[in-house]
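User: Could you take a close look at the pockets in this protein for me? I'd like to know what surrounds them.

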Amino acid sequence: MPAPDASPHAKLSDYATYAAYKLVCALLCILGVRAVAVFGRMVGYAVWALMPGRRRIVARNLRIVCHPSLRADKLAPMVRRNIVRTTMNLACSLKTGLMTHREMQRAIRVEGGDVFEAHGSGGHTVISCIPHAGNWEILARIRPLFSRVEHFGSMYRRLSNPLLEEFVYRSRTRYGCEMYSKEDGLRAVMKLARGGGLLGVLSDQFTAEGLYLPYFGKVTGVTPLPALLYKRCKGKGHLFSVFTRNTGLGRWDAVLGRIIHLPEGCDSLPGITMQVNLALEKCQKENILDGFWMHHRWKTTDLFAAFEQDEFTRAAIAQHARLPFRIIVSTPADAAELQALTHVVQALSTSRPDAQVTLLCPQAQVTFWQGKPGVAHILTTDGPASLADQLAAEAVYNDGPFDILFMFGGDRKLYRRLKPLFPLYVIGWEEHPLSSRFRTRYTRPDKRKGQPFTLKDYAQAFAEWHRITLPLS
C-alpha cells in the first residue's frame with residue numbers, strides 16, 4: 001500500500017513534534033538497544049513517581065487480570081514494575097525499526113516461526129491475534145524471515161500528526177510489512193485474507209462498537225475483526241495467538257506458533273471472538289507484567305448497557321465472567337427524588353447480566369434501602385465507620401474495581417473521598433455543583449420540558465438516556 005500523503009494538512013505544531021521525533025530517532029541510531037532499554041527504565045521510574053493517575057489505572061487493571069483481592073502491599077510493587085517495564089518496551093519500540101541486522105539478531109528470538117509460516121503459505125491465511133504486550137513493533141520487523149509468504153501485513157491506527165504518520169508508516173513497511181489503516185476500510189484487508197498470507201491484528205483494544213464479552217473475567221468491548229477475517233477465508237484461515245515477551249534488558253521473544261483451536265460448531269462472531277479472548281489471556285498470563293496495562297482497558301461509556309445481549313453473550317458471561325460491572329450510586333437527600341431513585345437502582349441492577357449496584361447514602365437512609373431489590377452493598381457517608389474502611393472491607397473490595405459513578409447526591413468532600421476509586425465514568429445532573437467534572441451531564445426533565453416533572457418523568461428520562469428498561473411499577 002502507498003504511504004499516506006497527509007503533509008499538506010500538517011499544522012505548525014505537527015512540524016515541531018515531527019522535528020523532535022526525528023531528533024530522538026537520530027539519537028536512538030547512535031545508542032545500542034541495551035542503552036535504550038536502560039534509558040526507558042529510568043523514564044519509567046519517573047512516570048511511576050510523578051503520575052498517580054497512571055498508577056491507579058495500572059492498579060485497577062492488575063486487580064482485574066490477577067485477582068481482585070490484591071491489596072497495596074502486593075499491588076504497589078507490581079504497579080511499579082509494570083510501569084517501568086512498559087516504558088522500557090515503549091522506548092525500545094522506537095529503536096526497533098532503526099536496529100541493524102546484527103542488533104536484531106542479538107535482540108530478537110523467534111519461537112514457532114516454522115508453524116507460523118507453513119499455515120500462511122499455499123493460499124492459506126494466518127490471522128495473528130496480538131495483545132499489547134512486550135515490544136510488539138518487533139512483529140513488523142521480522143517480515144524478512146518469512147520468504148515463502150507472499151503477503152505479510154498488519155492492521156494499525158493512524159497517528160493524528162500526518163508528518164509522524166508518514167514517517168512511522170515508512171519505518172514499519174521498510175522491511176516488507178504491509179500496513180492497513182482502519183480508517184481506510186477493510187476492502188484491502190479482506191482481499192489479503194481471501195488470497196492468503198500472514199495478517200496481524202492487535203486484538204485486545206477496547207472498542208465501544210465491538211462485541212461485549214469477558215476478557216480476563218470482566219466484560220468489555222472487544223473487536224470482532226479477527227473472527228470476521230477468519231470467516232472470510234472460507235476454510236483456508238487459521239487463527240494464531242501471537243505475542244512478544246521481554247526476556248532481558250533489550251531482548252525479546254516473538255512467540256508465533258500457537259494455533260487457536262476452535263471447538264466444534266463454533267462459527268459465530270461472538271463464539272470465535274470469545275475463543276480469541278481466552279487464547280490471549282493464556283499468552284499474557286505467562287508473564288502478566290509484560291502487558292501494557294498503562295491504558296484504561298476496561299472502559300465504560302454512558303451507553304454501558306447498550307450492547308447486544310444475545311443468548312451466546314449471556315451464556316459466555318455466565319461461564320467466564322468472574323467480576324461484575326460495578327455501579328456506585330450516590331443518593332440525593334431529597335425524599336421525593338429518593339423515592340424515584342428506587343426504580344432507577346432496580347433498572348441499573350438488571351441493565352446487563354453482570355451489573356452490581358452499591359449505594360452511598362446517609363445513615364438515615366439505610367433503613368429505607370435495606371431489602372430493596374437490586375442493592376448489593378450499602379455504604380454510609382456519615383456513619384461510625386469511615387468510607388475508606390467500608391470500601392476496603394473484604395465483602396466490598398473483593399468484588400473488584402468500580403466502573404461507573406452516578407452522582408445524584410453528595411458534595412465535593414465526598415467526591416474527593418471517592419478519588420482512590422478512579423478512573424470512573426462519572427454521571428450526574430448538570431446543576432450538580434461538581435457537574436463540570438462529570439463525563440456525562442444531562443438536563444432534568446423539568447428544565448427540558450419547561451414544566452414540572454413527575455417522579456415517572458424523572459426515572460423515564462434517565463432510562464431513555466442510558467437505554468435501560470425501568471421495572472413496571
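Analyst: Happy to help! A pocket here is an open set of grid points where a 1.4 Å probe fits, with protein on both sides within 12 Å along at least five of seven lines. Please keep in mind that this is a predicted model.

Let's begin with the largest pocket, which holds about 1,200 Å³ of space. Its lining is made up of 50 residues, and those closest to the centre are H132, W136, E137, R172 and L202. Both helices and strands take part: α1 (12-30), α4 (72-96), α7 (138-141) and α8 (162-173), together with β2 (125-130), β3 (152-156) and β5 (197-202), each give at least two residues to this lining. By residue type, the lining of the largest pocket comprises 29 nonpolar, 13 polar and 8 charged residues.

Now for the second largest pocket, whose volume is about 710 Å³. Here 29 residues form the lining, with R63, L75, Y397, P420 and L421 the closest to the centre. Two or more lining residues come from each of α3 (52-65), α4, α15 (387-392) and α16 (394-397). The lining of this second largest pocket divides into 20 nonpolar, 1 polar and 8 charged residues.

One element is worth following on your screen: helix α4 supplies at least two residues to the lining of the largest pocket, and α4 also gives two or more to that of the second largest.

Technical notes:
Residues numbered from 1 in each chain as written. Predicted model: local features only at pLDDT ≥ 70, side-chain atom pairs only at ≥ 80, totals over all residues. Heavy atoms only, no water. 1 Å grid on protein atoms, 1.4 Å probe; cavity = no way out; pocket = protein on both sides within 12 Å on 5 of 7 lines; lining within 4 Å. Points joined across faces, edges and corners; volume = space filled by probe spheres on them. Helix = DSSP H or I, 4+ residues; strand = E, 2+ residues; numbered from the N terminus. Nonpolar A, V, L, I, M, F, W, Y, C, P; charged D, E, K, R; others polar.
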